[in-house]
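Please look over the chain shown here before reading on.

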Amino acid sequence: MNYYLGIDCGGTFIKAALISESGEVVSLARENVSVLSEQAGYAEREMEALWQVCAKVVKQVIAQSHIAATAIKGVGISAQGKGAFLLDKQHQPLGRAITSSDQRALHIVKQWQAEGIPQALYPITRQTLWTGHPVSILRWLKEHETERYSNIGAVLMSHDYLRFCLTGELYCEETNISESNLYNMQTGKYDEQLAEKLGLQNILEKLPPVIASNQVAGFVTENAAKLTGLVVGTPVVGGLFDVVSTAYCARLTDETKLNVVLGTWSVVSGITDHIDESQTLPFVYGKYAKAGQFIVHEASPTSAGNLEWFLKQWANVSYQQLNEQIAALPAAASSVLFVPFLYGSNAGLGMQAAFYGMQAHHTQAHLLQAICEGVLFSLMTHLERMRIRFPHADTLRVTGGPAKSAVWMQMLADLSGMRLEIPNVEEIGCLGAAIMAMQGVMSKRDEQIFQNDMSIYVPNAQHYAAYQAKYQRYQRLVNALKQVDEV
């Protein structure tokens, strides 16, 4: 049997999975990858260290599988989007990578907003502007680290960099680079007028050619083979943006279903074959992993990372204990509200996290419940907007770590009033990447991979009203905090 290697580089872990042609995960390895935050708003990674961890997990997954590396016929990478992984003119790492959670360019984005730049770019890019976009980071470097900016030889994102380490070939993968604000969504090419409007003249010459998700980008080099245990010459495909990977593996096929991802970021995605010009809201579009289709999504870093922070700092409980504690409380009955803006906000640039409504009788369980509710209340901001673009959507397909929690999923069903379907897919990021490798190497159709059942959650009508009432309180609190943060 042939096997395919899927690598998933996320905000917290880098994983490697060896996957059979039928979609079975036969071996899995993972390692934590640290994000460095040595100044307020900074979120960086050591690029060489990231590659070494990636090589380590690949070597581990091959060794523990007891499968010959010669049986691995292709490699794909799914990764966190945006940010900037820069190489110098000798193709060596140019300082630390700056990730999509970085906020150092906040003042630049605010200035662009004041000048109306996002509105001018949107008809061409179909993007909003965010601090973690490559263009925001590049403009910050141009203004604050002039020498580093002048030494840029290549602008990459995380999976582009890891693919380069495997193959020595430079490309920008389409599902990710299409959301860079340097890509014309109509022509499918980089656009010089975008760079000029953003004050990044001549940056396009630093952008490698665009490659499709399932297109072979290169082959494992001798040096990479020594580090990873892969065979020299193993094909490596373009890979994909992790949001695209989850939507693909959630089997979004029409506009009646949306994909919710709960991880480091909260994401709501839908798939369409056209850009809807009639919409007044600036929906974010990106190229999808299927020709002729777009992914539309709303996202913010307001998700499960907030719970991870609390558990790490104060709560000495397992996930099972956490679920049991929350399940023992009445639904949406506590007065405690949590605003999940530890790593960014979807309500206003620079807004921060907060608990509100605590009283002496509240326990740790109430705070944990409030965090879970707050993450979903923030998600609802995106879901409500997405249902304007996808008015016929009646089902949510949910992926990410919280999808394993029946308590959290029932909470989302009750709050949204929608049917939830949880794909029983192992390591969805790795699987999506491996499928791209299958397609690129063997032109393999993937229908037989997606025969698994789904876990179903339906709304509890009695809880719906309680959650909606508390959600309205959350919105009023966020609006009040906006005034506190006004400069």
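What follows is a short exchange about this predicted model.

Trainee: Which residues does UniProt list for "domain: Carbohydrate kinase FGGY N-terminal"?

Mentor: The name comes from an unreviewed UniProt entry. Over the stretch in question the chain is 36% helix and 25% strand, with the end C-alpha atoms 18 Å apart. The entry lists residues 3-249.

Trainee: In the hairpin of β2 and β3, which residue in the turn has a positive phi?

Mentor: Strand β2 (residues 13-20) and strand β3 (residues 25-32) run antiparallel and are joined by seven bridges. One of the bridges links Ile19 to Val25 in β3. Four residues lie between the two strands, and the one with a positive phi, about 90 degrees, is Gly23.

Trainee: Which residues does the annotation "domain: Carbohydrate kinase FGGY C-terminal" cover?

Mentor: This annotation also comes from UniProt, from an unreviewed entry. The chain there is 36% helix and 22% strand, and the end C-alpha atoms are 25 Å apart. The annotation covers residues 258-438.

Trainee: Which strands stand at the edges of the sheet that contains β18 and β24, and why is one side of each left without a neighbour?

Mentor: Seven strands form this open sheet with mixed pairing, in the order β18-β19-β17-β16-β22-β23-β24. Neighbouring strands in the sheet are turned by 30 degrees against each other on average, direction ignored. Each edge strand has a single partner, so one of its sides has no neighbour in the sheet; the edge strands are β18 (284-287) and β24 (454-457).

Trainee: In β19, what is the bridge partner of Thr272?

Mentor: Thr272 belongs to strand β17, residues 266-272, which pairs with strand β19, residues 294-300. The pairing is antiparallel and has seven bridges. The partner of Thr272 in β19 is Phe294.

Trainee: Are α13 and α14 parallel or oblique to each other?

Mentor: The axes of helix α13 (residues 364-389) and helix α14 (residues 406-416) come within 10 Å and cross at roughly 45 degrees. Angles under 35 degrees would count as roughly parallel, and 65 to 115 as roughly perpendicular. The two helices are therefore oblique.

Trainee: How many nonpolar residues does the contact of α13 with α14 have?

Mentor: α13 passes α14 in a right-handed crossing. Residues of α13, including Leu376, Phe377 and Met380, meet residues of α14, among them Trp408, Met411 and Leu412. By class, the contact has one polar residue, two charged residues and, as the number asked for, nonpolar residues numbering eleven.

Notes
Residues numbered from 1 in each chain as written. Predicted model: local features only at pLDDT ≥ 70, side-chain atom pairs only at ≥ 80, totals over all residues. Heavy atoms only, no water. Pairing = 2+ DSSP bridges. Axes fitted to C-alpha atoms, helices over the stretch in contact; angles between N-to-C directions. Parallel < 35°, antiparallel > 145°, perpendicular 65-115°, else oblique. Left-handed = near helix turned anticlockwise from the far one by under 90°. Contact = heavy atoms within 4.5 Å. Nonpolar A, V, L, I, M, F, W, Y, C, P; charged D, E, K, R; others polar. UniProt positions renumbered as here; feature names shortened; annotations may be inferred.
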